[in-house]
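Here are a few short exercises to work through with the model open beside you. Try each task before reading its solution.

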Amino acid sequence: MTNQQLFIRKATKLSLENVQTGKGGPFAAIIVKDNNIIASGTNLVTYSNDPTAHAEIVAIREACKILGSFRLEGCEIYASCEPCPMCLGAIYWARLSKIYIASIMKDAADAGFDDVLIYSEFSKQISERKIPMVLLPQNEALLAFKEWKEKKDKIKY
């Protein structure tokens, strides 16, 4: 058995344990660097009353604390399921090097976790989305972007 198979098996085992303990949905993720598990996370949405407490987000937060960085280059994530839009965005922002998954979004949808609405919202005009987004332009917002662009000592991300 390869290391990748061992890590994905660990993630799927954690997802099953999460369901059995009642702490949340059937999702888990582990983050690996240099063939060592750095962090793991399970879905804790209902347990913590936090809609952002998806397995991948929990694992990313833990890995960042452990490594002392908001960048996880050189790390890989093993997820029990294809990441939702929020988690996929976080994976890209964290700059993980590779994503391994044990199931796809259709499998999650069949179990009642359907992200199709969220994906479809991205292609709509902001005024046509299910939750309307209203632009209230403020000069201060643009000034913050201007100052960020000009800032010499910024930490880029």
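**Exercise 1.** Which helices each supply at least two residues of the lining of the largest pocket? Keep in mind that the model is predicted.

*Solution.* Start with the helices: α2 (45-48), α3 (55-67) and α5 (105-110) each supply at least two lining residues. Next, take the space itself, which comes to about 290 Å³. Its lining has 19 residues, and the closest to the pocket centre are Phe-27, Asn-43, His-54, Cys-84 and Phe-113. Finally, sort the lining by class: 11 residues are nonpolar, 4 polar and 4 charged.

**Exercise 2.** Describe the second largest pocket by its volume, its lining and the helix with the largest share of that lining.

*Solution.* The volume is about 250 Å³. Going through the lining, you should find Pro-85, Leu-117, Ile-118, Glu-121, Phe-122, Arg-129, Lys-130, Ile-131 and Met-133. Helix α6 (residues 116-122) gives the largest share, with 4 residues. Classing the lining residues yields 6 nonpolar and 3 charged, with no polar ones.

**Exercise 3.** Find the buried residues of helix α4, then look at what covers them.

*Solution.* Helix α4 spans residues 85-94, and its buried residues are Pro-85, Cys-87, Ala-90, Ile-91 and Ala-94. Pro-85 also belongs to the lining of the second largest pocket. The cover over the buried residues of α4 includes α3, β3 (75-79), β4 (98-101) and α6. Just past the helix, check the backbone of Arg-95: its phi is positive, at about 65 degrees.

**Exercise 4.** Place Asp-114 and say what its side chain meets.

*Solution.* Asp-114 sits in the loop between α5 and α6. With a relative accessible area of 49%, Asp-114 is partly exposed, because the exposed class begins over 50%. A polar atom of its side chain lies 3.0 Å from the backbone nitrogen of Val-116.

**Exercise 5.** How many salt bridges does a search of the whole structure find? Examine three of them.

*Solution.* The search finds 6. One of them joins Arg-61 and Asp-50, at 4.0 Å from N to O. This pair links distant parts of the chain, with Arg-61 in helix α3 and Asp-50 in the loop between α2 and α3, 11 residues apart. Arg-61 is partly exposed at 42%, and Asp-50 is partly exposed at 23%. Another bridge pairs Glu-73 with Arg-71, their closest N and O atoms being 3.5 Å apart. The third joins Asp-153 to Lys-151 at 2.9 Å, N to O; here Asp-153 is exposed at 58%, whereas Lys-151 is partly exposed at 39%.

Notes: Residues are numbered from 1 along each chain as its sequence is written. This is a predicted model: local features need pLDDT of at least 70, side-chain atom pairs count only at pLDDT 80 or more; totals for chains, interfaces and linings use all residues. Side-chain values use heavy atoms; hydrogens and water are left out. On a 1 Å grid over the protein atoms alone, a cavity is a set of points where a 1.4 Å probe fits but cannot get out, and a pocket is an open set with protein on both sides within 12 Å along at least five of seven lines; lining residues have an atom within 4 Å of a point. Grid points are joined across faces, edges and corners, and a volume is the space filled by probe spheres set on the points. Ala, Val, Leu, Ile, Met, Phe, Trp, Tyr, Cys and Pro count as nonpolar, Asp, Glu, Lys and Arg as charged, and the others, Gly among them, as polar. Buried means under 20% relative accessible area, exposed over 50%, partly exposed in between (1.4 Å probe, protein chains only). Contact means heavy atoms within 4.5 Å. A polar contact is a pair of N or O atoms within 3.5 Å; within protein, one must be able to donate a hydrogen and the other to accept it, and residues adjacent in sequence count only if both atoms are side-chain atoms. A salt bridge is a side-chain nitrogen of Lys or Arg within 4 Å of a carboxyl oxygen of Asp or Glu.
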